[in-house]
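Colleague: I am new to this structure. Please take me through one part of it closely, and then place that part in the whole.

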Amino acid sequence: MANDMRFITAVWQIMDELQKNDQLESTLAASVEILLQNTGCTSGYIFMKGTEDDRLYMIAGKGSGDGLGISVKAGEGPVGNVFQGKECILIENAAEDPEYQNASEIELFGKKTLLTPMRTPHGQFGVVMLNDPEDDDFTAEDIRIAENICSLIALDIEDKGMEFRPYKNKKQIVSLRGIIKEFMNGDEVRRVLKGIDLDVYEGELLVVLGESGCGKSTMLNIIGGMDRATQGQILVEGKDFSSPSENELTKFRRDYIGFIFQSYNLMPNLTALENIEFIAEISRHPLSSQEMLDMVDLSEKADTYPSAMSGGQQQRVCIARAIVKDPRIILADEPTAALDFHTGQDVLKLIERIVRDRKTTVIMVTHNIEIAKMANRVIRLKDGMISSMRVNLSPLHAEDLSW
Ligand SMILES: Nc1ncnc2c1ncn2[C@@H]1O[C@H](COP(=O)(O)OP(=O)(O)OP(=O)(O)O)[C@@H](O)[C@H]1O
Ligand SMILES: [Mg+2]
């Protein structure tokens with residue numbers, strides 16, 4: 001009887017919520033709350049299948065997963081498998097189970113995790129993850145509640161025809177497919193990138209994290225045409241660009257790519273303005289060098305040489321130099337590493353503004369995980385592979401970061 005009452009209460013709550021809510025993200029956010037309340041779980045996440053690819057994206061959640069989304073491929077890993085399977089599954093201590101070590105959603109798992117599919121007889125929509133119920137174990141009643149709530153959510157999604165487009169209107173600008181990079185180390189071949197698949201979208205800020213030596217700069221150099229892959233395919237706006245001629249490569253670097261490095265590498269014998277003009281002159285559709293200098297707030301330093309500028313000022317000249325050619329992609333390799341907090345934050349605000357105003361794509365390598373909070377997506381490289389990818393549902397503004 002008590003169980004029936006619990007069950008009925010849960011169903012009543014979810015029905016009430018679904019009836020008054022027509023917007024997918026808020027429906028699912030409210031559903032997480034109801035699921036947690038009625039199963040006594042400590043954290044929960046909803047993964048939803050996107051319409052544009054075969055991945056599931058973390059779209060709503062509550063727990064230490066921080067509001068950062070994670071995406072997984074349908075049919076791969078625990079969440080991807082439950083999506084394609086029929087039943088819900090219970091997993092214990094996934095963090096210590098070698099079977100799950102490489103799953104990108106692993107950091108969202110609890111000690112005990114229940115994965116329940118959201119599906120109707122006609123369609124599959126996603127997977128709900130619930131972790132660590134208060135009374136330590138999932139009871140049959142918890143599972144029954146989770147299953148039924150998930151079915152009701154799925155029916156509602158189907159009934160209202162709600163769709164989830166994680167990258168609605170977004171165009172792929174560069175794609176890597178199976179990129180392998182080897183270096184010769186004496187007589188030995190060292191494989192540094194071991195098969196990278198990555199789509200980079202127009203107008204996104206993509207942050208790349210990973211330990212020193214894992215291949216971040218190598219990947220950036222390959223994307224920017226500064227280095228060639230040993231194997232694999234590169235697509236630029238959908239067209240194959242795997243074996244360009246030197247001429248094509250030079251044009252690509254000139255028209256597409258702006259680089260910002262950790263070390264400022266300005267020309268020492270040119271002033272701030274001349275450093276920018278120098279690049280503008282070799283660009284096809286340059287913006288105004290003076291305006292770029294104004295934009296990075298260095299109007300007064302136009303005639304100053306690099307040696308008489310602070311690190312932060314030099315870095316801002318580098319940013320002006322990278323954007324003056326109006327590139328489609330800016331590659332930034334640890335642009336704030338050598339700067340103090342305030343100067344670093346100013347540089348990030350500038351990068352944020354470029355992404356927003358010019359719809360430029362920025363790929364930024366950093367060791368600072370705080371910076372990942374302002375990204376639209378975060379990928380982590382580990383040992384030459386992408387070990388996780390997260391979609392950030394609500395990126396922070398650079399001015400709200402602190403480290
Ligand atoms: N030109 C090269 N010749 C030989 N080995 C190289 C070359 N460039 C990079 N490597 C090796 O490839 C590995 C990855 O280097 P990479 O610079 O991409 O790392 P990273 O992730 O950017 O590291 P960090 O965070 O320290 O900048 C390293 O072990 C490095 O020694
Ligand atoms: Mg590096």
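Modeller: Here is a close look at strand 5 and its partners, followed by the rest of the chain.

First, the ground rules. This is a predicted model, in which local features need pLDDT of at least 70, side-chain atom pairs count only at pLDDT 80 or more, and totals for chains, interfaces and linings use all residues. Residues are numbered from 1 along each chain as its sequence is written, while chains are lettered from A and ligands numbered from 1 in the order in which they are written.

Start with strand 5, residues 112-119. Strands here are DSSP runs of E with at least two residues, helices are runs of H or I with at least four, and both are numbered from the N terminus. Of the 8 residues in strand 5, 7 are buried, so the rest of the structure largely encloses this strand. A residue is buried if 20 or more other C-beta atoms lie within 10 Å of its own, exposed if 12 or fewer, and partly exposed in between, with C-beta atoms placed from the backbone.

Strand 5 pairs with strand 4 (residues 89-92). The sense is antiparallel, over 4 bridges. Two strands pair if DSSP finds at least two bridges between them. Strand 5 also runs antiparallel to strand 6 (residues 124-133), joined by 7 bridges. Strands 5 and 6 form a hairpin, with 4 residues between them. L114 has L130 of strand 6 as its bridge partner.

Now look at I91, which sits in strand 4. Its bridge partner in strand 5 is T113. I91 is partly exposed, because 19 other C-beta atoms lie within 10 Å. Setting aside residues up to four places away in sequence, I91 touches P78, T113 and L115. Contact means that the C-beta atoms, placed from the backbone, lie within 7 Å. I91 and F109 are 18 residues apart along the chain, and their C-alpha atoms are 8.9 Å apart.

Step back to the whole chain. It has 10 helices and 16 strands. Buried residues make up 42% of its 403 residues. Its C-alpha atoms fill a box of roughly 85 × 50 × 35 Å along the principal axes. The chain is divided into domain 1 (2-160) and domain 2 (172-400), with bounds from an automatic or database domain assignment. Their C-alpha centres lie 37 Å apart.

The largest nonpolar core has 65 residues. Such a core is a set of buried Ala, Val, Leu, Ile, Met, Phe, Trp, Tyr and Cys residues joined through C-beta atoms within 7 Å. V207, V208 and M364 are among the residues with the most contacts inside it. Helix 9 (residues 311-323) gives the most to this core, with 6 residues. A second, separate core has 42 residues, including M48, M58, I70 and I153.

Another sheet is worth finding. It is open, with 4 antiparallel strands in the order 8-7-10-11. Strand 8 (188-201) and strand 11 (239-240) are its edges, each pairing on one side only. Strand 7 (residues 172-185) and strand 10 (residues 231-236) share 5 bridges. There, V174 has V236 of strand 10 as its bridge partner.

Last, ligand 1. Its surrounding residues include F183, V192, K216 and T218; a residue counts if its C-beta atom, placed from the backbone, lies within 6 Å. Helix 5 (residues 216-223) supplies the largest share of this shell, 3 residues.

Note on methods. Contact = placed C-beta atoms within 7 Å.
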